[in-house]
Amino acid sequence: MESEPLLTGSMNYDPDNNDHLEKGSPKTRRLSSVAADYCCVEGGDEDLYLQQAVVFIEDAIQYRSINHRVDANSLRLYRWYYSRIWQLGLGLTIAVVLMLAFIERPSSFSYTSDPRFRPPPWEPPCGLTEGIEIVCLVIFAIDFATKSYLIGWEEFRKCKWLIVYILAVSASVIDWALTLSMYCDQNLRVRRLIRPFFLLQNSSLMKKTLKCIKRTLPEIASVILLLALHLCLFTMIGMLLFAKGENPKQNGEWEAYFRDLPTSFSSLLVLLTTANNPDVMIPAYSLNRGYSIFFILFSGFGTYFLMNLLTAIVYNQFRGYLLMSVQASILRRRLGVRAAFEVMSCQGWGQDATHSEENVERVRVDASLQVMARVQMKSYYRQAIIKRVQQLSDGFIQWEAFRRLFDELDKDRIKEHPPKPEYNSSLLQGLQLLFCHYYVTVVGNAVALANVMCICTILVLDSEKSIAERDDYYMEVINCFFILYYLMEMSLKILAFGWRGYLSYRNNIFDGLLTVCLLVLQITIFATYRLPFPKWNPASRGLMSLWEMVRLVNMLIVVRFLRIIPDIKLMALIASTLVDLVKNLRAFAGILVVVFYVFAVLGIWLFQGAITAPGQMSVMSNSSMKNITVECGSYEQLGYWPNNFDDFASSLVLLYNVMVVNNWQVFMDAYTRYTTQWSKVYFVSWWLTSSVMWVNLFVALILENFIYKWDRSVMCSVADVERTGYETTVQLMFR
């Protein structure tokens, strides 16, 4: 976590000029009091200085601000606050308080959200969720108090996030008390809208993402304004083109899509997302093909020009955001390293006559080794830095050399494979040489492809057969043959590379794990049904039916075929981009969770119970249901009953369906009919927030990751990367 703003009170700090730094008590001073002239006077507690250096280096590793208390007790509290246990507990608390929305009234605990078949959901007793929530709020209060104490009053006044934090906790406690005073009969719980703030407050990446969105809003607003102008002009032209005429047979376009201004505007807005294309133009197009020009011009300019221009603007701003975030993170790291150097030079000041005479800032090597032994960091980073420190022979490290030590933190280790085992037997040596060859992997991929093709062939031949008519004997024999080959391949690779060498390759772990699962399933089939023979009854049941077990085996075999991905360069590049995308997606996924949560709560408040199924729908026969007349393509005719705002889970699903924009006009039309025309504001706002803003951010993230990976794959080969001990990655900062 990082408190905002990024470098409050430290932006003007000059590492080479200490004249402006203040003096203060050695037990309570902040970084601004760590100066050479002060150290000469005071000397100080060496263990305290080392503890300060440890914390500053940990701040540099995690890109945290160095503006916090540095006395001994505060440092111990600071390290505990940022320990893995507390941060994990805080993250778990946030997850619990967000998950309460699924349990609270209206509860999502029913097997279906369809109001025709939904039984009365389980409702928690009064005080259950409230008791869990108050515990979470107490933890948030402790978190706020601890963080505020550590950064001090001056920094607290400058940090807007912390001020809003205490307001959010206070408002939640007040609303919680009101709920208890009403015996849990309060439908409008304001604190539900406050809960996503706790997720935002705990992530500096989400705060930076919000800053990026805030900075991008003026450009986005200009495009949206142009888009609104485009919609208004074409709406008026459309109402003029498709006005009501004397012939009722020629009024299909007016009656369905251009009856009045709100209907015309919403029809073209939906057309902008292509959800109702070509339905919206069919009534007019059937009368005169010239009317298609109107709709083609509208879609061509709006969908393919303005919407793509919006994507380009968001991507351009995202690239700037990434660059600025890298710069701010690097500056934080430099400040943390410089602060550690200052306090370490303080504790060693004046111990060497030459040092005092030359007036050159430097730290002792043994002090650096003590600090690095206490810093919480990954072991390979620690070993790399300690190795470089031990290479210094004069006993002291000057500033530039000390700063370069921590360049190792910007490098990602490439895993080195352990040496292969040595065998005395010529047979084993030959097998080792053979199964270490690349062509063994190629043959294994070909066998996996043949296995998948056999499964596909049998599925095509048996696609029209029921379970009782299927004969799984041949499929089982084929699977046995291939599984034995997979087991032999895995065993010989383990023989060739050794256990550690085999497990050092990720594709081997994936391949071996699935092979073991297939072997276990095959043994289970043999134990349940004995040896296979043609009269095997596929529908007979043991623990599972034979057909279910064979299906499970076949699915694992199909998944195992993904082993070919690392061996195809372009496919491996795309796959690695997807993996990096998942690693770097936390901030964007968090923002999406927040907007989904807020809009779902608002949807429940506004539309809960608005759409009700016909009273006897659940008990009607199918023939009776067919006699009900509904408009073609409507919410009722399409059977969209499970998509509603009656509980939190169904609200999330409905919002996702609207975000995809396929048939989203059906939901908007239904809630307009069942409530008011103003419900369109809610759905359009959600479309702008999710489909326009967040999806474009997601596209920008994909482009940024793919371009970065593609440039690296073009500039250097895999062999060049593997010859280096470490690989520098900028994206590592945002994981």
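Helix caps, loops and a pocket

Mentor: Asp647 caps the N-terminal end of α26, with a side-chain oxygen 3.2 Å from the backbone nitrogen of Ala649. Bear in mind that this is a predicted model.

Trainee: How far apart are the end C-alpha atoms of α26, and what span should its residues give?

Mentor: Helix α26 covers residues 648–660, which makes 13 residues. At 1.5 Å a residue they should span 18 Å, and that agrees with the distance between the end C-alpha atoms, 19 Å.

Trainee: Which residues of α26 are buried?

Mentor: Go by relative accessible area, where buried means under 20%. In α26 that picks out Phe648, Ser650, Ser651, Leu654, Leu655, Val658 and Met659.

Trainee: And which residue follows α26, and what is its phi?

Mentor: Look just past the helix, at Val661. Its phi is positive, near 70 degrees.

Trainee: Tyr63 and Thr274 both have a positive phi without being glycines. Is Tyr63 buried or exposed?

Mentor: Tyr63 sits in the loop between α2 (46–61) and α3 (72–81), with a phi of about 60 degrees. Its relative accessible area is 10%. The cut-off for buried is under 20%, so Tyr63 counts as buried.

Trainee: What does Thr274 count as?

Mentor: Thr274 lies in the loop between α10 and α11, and its phi is about 65 degrees. Buried stops at 20% and exposed begins over 50%. At 39% relative accessibility, Thr274 therefore counts as partly exposed.

Trainee: Which proline in the loop between α10 and α11 should I check, and what is the omega of the peptide bond from Asn277?

Mentor: That loop holds Pro278. The bond from Asn277 to Pro278 is cis, with omega near 5 degrees.

Trainee: Where is Pro106, the residue joined to Arg105 by a cis peptide bond?

Mentor: Omega is about 0 degrees for the bond between Arg105 and Pro106. Pro106 is found in the loop between α4 (84–103) and α5 (128–158).

Trainee: Leaving aside neighbours within four places in sequence, what does Gln376 contact?

Mentor: Gln376 is in the loop between α14 (365–374) and α15 (379–390). Glu58 is 318 residues away in sequence, yet the two C-alpha atoms are 6.8 Å apart. The contacts of Gln376 beyond those neighbours are Glu58, Ile61 and Arg79.

Trainee: Last one: which element gives the most to the lining of the second largest pocket?

Mentor: That pocket has a volume of about 750 Å³. Of its 25 lining residues, the closest to the centre are Ala256, Tyr257, Glu631, Gln665 and Asp669. Elements giving two or more residues are α9, α10, α25 and α27. With six residues, the one that gives the most is α27.

Technical notes: Residues numbered from 1 in each chain as written. Predicted model: local features only at pLDDT ≥ 70, side-chain atom pairs only at ≥ 80, totals over all residues. Heavy atoms only, no water. Helix = DSSP H or I, 4+ residues; strand = E, 2+ residues; numbered from the N terminus. Expected span 1.5 Å × (residues − 1). Buried < 20%, exposed > 50% of the residue type's maximum accessible area, 1.4 Å probe, protein only. Polar contact = N/O pair within 3.5 Å; in protein donor to acceptor, adjacent residues only side chain to side chain. Contact = heavy atoms within 4.5 Å. 1 Å grid on protein atoms, 1.4 Å probe; cavity = no way out; pocket = protein on both sides within 12 Å on 5 of 7 lines; lining within 4 Å. Points joined across faces, edges and corners; volume = space filled by probe spheres on them.
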